[in-house]
Amino acid sequence: MANHKSSEKRIRQTKTITLHNKYYAKTMRNAVRKLRSTTDKEEAVKLYPAVQKMLDKLAKNNIIHANKAANLKSSLSVYVNKLG
(Lines give C-alpha, C1' and ligand atoms only; values in the text may rest on other atoms or scores of the structure.)
Protein backbone atom coordinates (compact mmCIF):
# COMPACT_ATOMS: atom_id res chain seq x y z
CA MET A 1 0.00 0.00 0.00
CA ALA A 2 1.17 3.53 -0.74
CA ASN A 3 2.71 5.57 2.07
CA HIS A 4 2.54 9.04 0.52
CA LYS A 5 -0.31 11.18 -0.78
CA SER A 6 1.52 11.66 -4.06
CA SER A 7 1.93 7.92 -4.60
CA GLU A 8 -1.77 7.35 -3.84
CA LYS A 9 -2.64 9.96 -6.46
CA ARG A 10 -0.17 8.39 -8.92
CA ILE A 11 -1.91 5.00 -8.44
CA ARG A 12 -5.31 6.58 -9.18
CA GLN A 13 -3.97 8.38 -12.25
CA THR A 14 -2.25 5.27 -13.56
CA LYS A 15 -5.47 3.28 -13.30
CA THR A 16 -7.40 5.92 -15.25
CA ILE A 17 -4.73 6.31 -17.93
CA THR A 18 -4.40 2.53 -18.32
CA LEU A 19 -8.14 2.21 -18.90
CA HIS A 20 -8.00 5.01 -21.46
CA ASN A 21 -5.07 3.42 -23.31
CA LYS A 22 -6.70 -0.03 -23.31
CA TYR A 23 -9.86 1.43 -24.84
CA TYR A 24 -7.99 3.05 -27.73
CA ALA A 25 -5.77 0.02 -28.31
CA LYS A 26 -8.84 -2.24 -28.46
CA THR A 27 -10.60 0.19 -30.82
CA MET A 28 -7.54 0.12 -33.07
CA ARG A 29 -7.44 -3.69 -33.06
CA ASN A 30 -11.12 -3.84 -34.00
CA ALA A 31 -10.58 -1.36 -36.84
CA VAL A 32 -7.67 -3.41 -38.18
CA ARG A 33 -9.77 -6.58 -37.89
CA LYS A 34 -12.64 -4.91 -39.76
CA LEU A 35 -10.31 -3.77 -42.56
CA ARG A 36 -8.73 -7.22 -42.87
CA SER A 37 -12.15 -8.88 -43.08
CA THR A 38 -13.24 -6.56 -45.89
CA THR A 39 -13.26 -8.18 -49.31
CA ASP A 40 -14.57 -5.17 -51.25
CA LYS A 41 -11.76 -3.04 -52.72
CA GLU A 42 -13.71 0.26 -52.63
CA GLU A 43 -14.71 -0.14 -48.99
CA ALA A 44 -11.15 -1.10 -48.01
CA VAL A 45 -9.75 1.94 -49.81
CA LYS A 46 -12.18 4.13 -47.85
CA LEU A 47 -11.37 2.46 -44.51
CA TYR A 48 -7.58 2.41 -44.87
CA PRO A 49 -6.89 6.16 -44.33
CA ALA A 50 -8.93 6.19 -41.12
CA VAL A 51 -7.09 3.15 -39.77
CA GLN A 52 -3.76 4.64 -40.82
CA LYS A 53 -4.57 7.89 -39.02
CA MET A 54 -5.57 5.96 -35.90
CA LEU A 55 -2.32 3.98 -35.92
CA ASP A 56 -0.25 7.15 -36.32
CA LYS A 57 -2.02 8.87 -33.41
CA LEU A 58 -1.60 5.87 -31.11
CA ALA A 59 2.09 5.59 -32.00
CA LYS A 60 2.58 9.32 -31.38
CA ASN A 61 1.04 9.00 -27.90
CA ASN A 62 3.07 5.85 -27.11
CA ILE A 63 -0.01 3.67 -26.74
CA ILE A 64 1.51 1.33 -29.32
CA HIS A 65 5.12 1.21 -30.47
CA ALA A 66 6.02 3.20 -33.59
CA ASN A 67 7.42 0.10 -35.30
CA LYS A 68 4.22 -1.84 -34.62
CA ALA A 69 2.22 0.96 -36.25
CA ALA A 70 4.56 0.96 -39.24
CA ASN A 71 4.35 -2.83 -39.60
CA LEU A 72 0.54 -2.79 -39.40
CA LYS A 73 0.26 0.05 -41.94
CA SER A 74 2.60 -1.76 -44.30
CA SER A 75 0.78 -5.10 -44.11
CA LEU A 76 -2.62 -3.41 -44.44
CA SER A 77 -1.53 -1.45 -47.50
CA VAL A 78 -0.31 -4.67 -49.10
CA TYR A 79 -3.68 -6.28 -48.30
CA VAL A 80 -5.68 -3.35 -49.73
CA ASN A 81 -3.57 -3.26 -52.90
CA LYS A 82 -3.97 -7.02 -53.48
CA LEU A 83 -7.78 -6.85 -53.33
CA GLY A 84 -9.30 -7.28 -56.75
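This is a dialogue about reading a predicted model, in which a trainee asks and a mentor answers.

Trainee: Where should I begin, and which residues have the most contacts inside the largest nonpolar core?

Mentor: A nonpolar core is a set of buried residues of certain kinds that are joined through their side-chain atoms. In this predicted model, the largest such core has 19 residues, and those with the most contacts inside it are Met28, Val32, Leu35, Val51, Leu55, Ile64 and Leu76. Helix 1, which covers 5-37, helix 2, which covers 41-60, and helix 3, which covers 66-82, each supply at least two residues of this core.

Trainee: Which helix gives the most to this core?

Mentor: That is helix 2, which contributes seven residues to the core.

Trainee: If I pick out Leu55, which residues is it in contact with, leaving aside neighbours within four places in sequence?

Mentor: Once those neighbours are set aside, Leu55 touches Met28, Ile64, Ala69, Leu72, Lys73 and Leu76.

Trainee: How should I read the way two helices lie against each other, and at what angle do the axes of helix 2 and helix 3 cross?

Mentor: The angle is taken between the N-to-C directions of the two axes, and a value over 145 degrees counts as roughly antiparallel. Here the axes of helix 2 and helix 3 come within 10 Å and cross at roughly 175°, and therefore the two helices are roughly antiparallel to each other.

Trainee: Which residues of helix 2 and helix 3 meet?

Mentor: On the side of helix 2 they are Lys41, Ala44, Val45, Tyr48, Val51, Gln52, Leu55, Asp56 and Ala59, and they meet Ala66, Ala69, Leu72, Lys73, Leu76, Ser77, Val80 and Asn81 in helix 3. If you sort the residues of this contact by kind, eleven are nonpolar, three are polar and three are charged.

Trainee: Turning to the loops, is Thr38 buried or exposed?

Mentor: A residue counts as buried when its relative accessible area is under 20%. Thr38, which is found in the loop between helix 1 and helix 2, has a relative accessible area of 6%, so Thr38 is buried. The side chain of Thr38 reaches the backbone oxygen of Lys34 at 2.8 Å, and, leaving aside neighbours within four places in sequence, Thr38 is in contact with Glu43, Ala44, Leu47, Tyr79 and Leu83.

Trainee: And is Asn62 buried or exposed?

Mentor: The cut-off for exposed is a relative accessible area over 50%. Asn62 lies in the loop between helix 2 and helix 3, and it has a value of 66%, so Asn62 is exposed. You may also look at the backbone of Asn62, where phi is near 60°, a positive value in a residue other than glycine.

Trainee: How should I class Ala66, and what is its relative accessibility?

Mentor: Ala66, which is found in helix 3, has a relative accessibility of 45% and therefore counts as partly exposed. The C-alpha atoms of Ala66 and Ala25 are separated by 13 Å, although these residues are 41 residues apart along the chain.

Trainee: In helix 1, what is the relative accessibility of Lys5?

Mentor: Lys5, whose place is in helix 1, has 75% relative accessibility and so counts as exposed. From C-alpha to C-alpha, Lys5 and Val32 are 41 Å apart in space, with their places 27 residues apart in sequence. Ile11 is also found in helix 1, and with a relative accessible area of 46% Ile11 is partly exposed.

Terms used. Residues numbered from 1 in each chain as written. Predicted model: local features only at pLDDT ≥ 70, side-chain atom pairs only at ≥ 80, totals over all residues. Heavy atoms only, no water. Core = buried A, V, L, I, M, F, W, Y, C linked by side-chain atoms within 4.5 Å. Buried < 20%, exposed > 50% of the residue type's maximum accessible area, 1.4 Å probe, protein only. Helix = DSSP H or I, 4+ residues; strand = E, 2+ residues; numbered from the N terminus. Contact = heavy atoms within 4.5 Å. Axes fitted to C-alpha atoms, helices over the stretch in contact; angles between N-to-C directions. Parallel < 35°, antiparallel > 145°, perpendicular 65-115°, else oblique. Nonpolar A, V, L, I, M, F, W, Y, C, P; charged D, E, K, R; others polar. Polar contact = N/O pair within 3.5 Å; in protein donor to acceptor, adjacent residues only side chain to side chain.
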